[in-house]
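Visitor: I'd like a close look at one single part of this structure. Could you pick a strand and walk me through its surroundings?

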Amino acid sequence: MHELSIAESLLEVALENCSNQGFNRVGSIKVLIGKASGVMPDALLFGFNAVKEGTTADQAILEIEEVPVSGHCNICGKDFTTEDVYVLNCPHCAGVSFTIKTGRELMITEMEVF
Amino acid sequence: MKLKLADKILTANERIAEGNRKFFDERGIFVINLISSPGAGKTTLLETTIKALGSEVKLGVIEGDIMGTDDAERIDRLGVPVVQINTGGACHLDAGMISDVLGELPLDTTRLLFIENVGNLVCPAEFKLGEDVKVAILSLTEGHDKPLKYPIIFQESKALLISKVDLKPFLDVDVEKIKRDARSLNPSIEIFEISSKTGEGIGQWVQWIKTLIS
């Protein structure tokens, strides 16, 4: 999914937050990547390590936490979590009307700075 | 020192797309992003749609291709304002490319803008342009397994046009499976079976557009 441009944006957000808070270097960045976000963690890591060169995050470690897909079925009323990326029916009742609650995240949750 | 954040990774493309969205909203322009594999019939559908709408709606078209101006020339021959973007290699249009050409169309008087994306069933689904809706076209000759193979575009689209239905007698394609699978990915997707060649389904498609922009 064009992880390089996502890595660039991720780096930009990190550097901005780092300097806005008055710090000089980024030690680590924690991100949440939903399993249905379309982003491949390996590719994101590769891209990040490439774009961080020459910046104040050039020693930064990217920690990726994958978020599974979960949702709520509008037919049987139960919540569900799944290993699947694309949900076609509710795992409980096979219903086709459901709301996806997690799994599409692409966010930074924490940074270590100094 | 640990900084707790909850920042979405909003890419540069999404930021520019939001800028485009604002531009269109300020002028009351409805924007449709047309996405399909190469050869599914996007340009022909546009020609058919333009002829069906006549002068009822003020139209504009942005054409996207890796190279060439064929598509823009076809639209131009119908008297509709059009601009051709050549990506030179990129497999999809992005918001920046759209933003760069906005000055080349008479958008102050445009009501409906079609953006014909680069022929590609994968990447265009992932790059917002600032459009109101995405519309996907899948031609019968592509086979009935495509929705499940390319789920993102079908999840993202407001409508699916199954094109070239005049070829149904010559193909072993299960149209009901296409519709079933598309709806399983996106229960509210509108589906139209069309043939630009015979005109089948075009009336319903055009009526749906008119409802969208009314």
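Guide: Happily; what follows is a tour of one strand and then of the chain around that strand. A word on the basis: this is a predicted model, where local features need pLDDT of at least 70, side-chain atom pairs count only at pLDDT 80 or more, and totals for chains, interfaces and linings use all residues. Residues are numbered from 1 along each chain as its sequence is written, chains are lettered from A and ligands numbered from 1 in the order in which they are written, and side-chain values use heavy atoms, with hydrogens and water left out.

Our strand is S2 of chain B, residues 30–36 (strands are DSSP runs of E, at least two residues, and helices runs of H or I, at least four, numbered from the N terminus). Seven of its seven residues are buried, so S2(B) is largely enclosed by the rest of the structure (buried means under 20% relative accessible area, with a 1.4 Å probe and protein chains only). One face carries Phe30(B), Ile32(B), Leu34(B) and Ser36(B), the other Val31(B), Asn33(B) and Ile35(B), and both faces are covered.

S2(B) also has paired strands (at least two DSSP bridges between them). With S5(B), residues 112–116, the pairing is parallel over five bridges, and Leu34(B) has Glu116(B) as its bridge partner there. With S6(B), residues 133–139, the pairing is again parallel over five bridges; here Ile32(B) is partnered by Val133(B).

Stepping back, chain B comes to eight helices and eight strands, and of its 214 residues 54% count as buried.

Methods:
Buried < 20%, exposed > 50% of the residue type's maximum accessible area, 1.4 Å probe, protein only.
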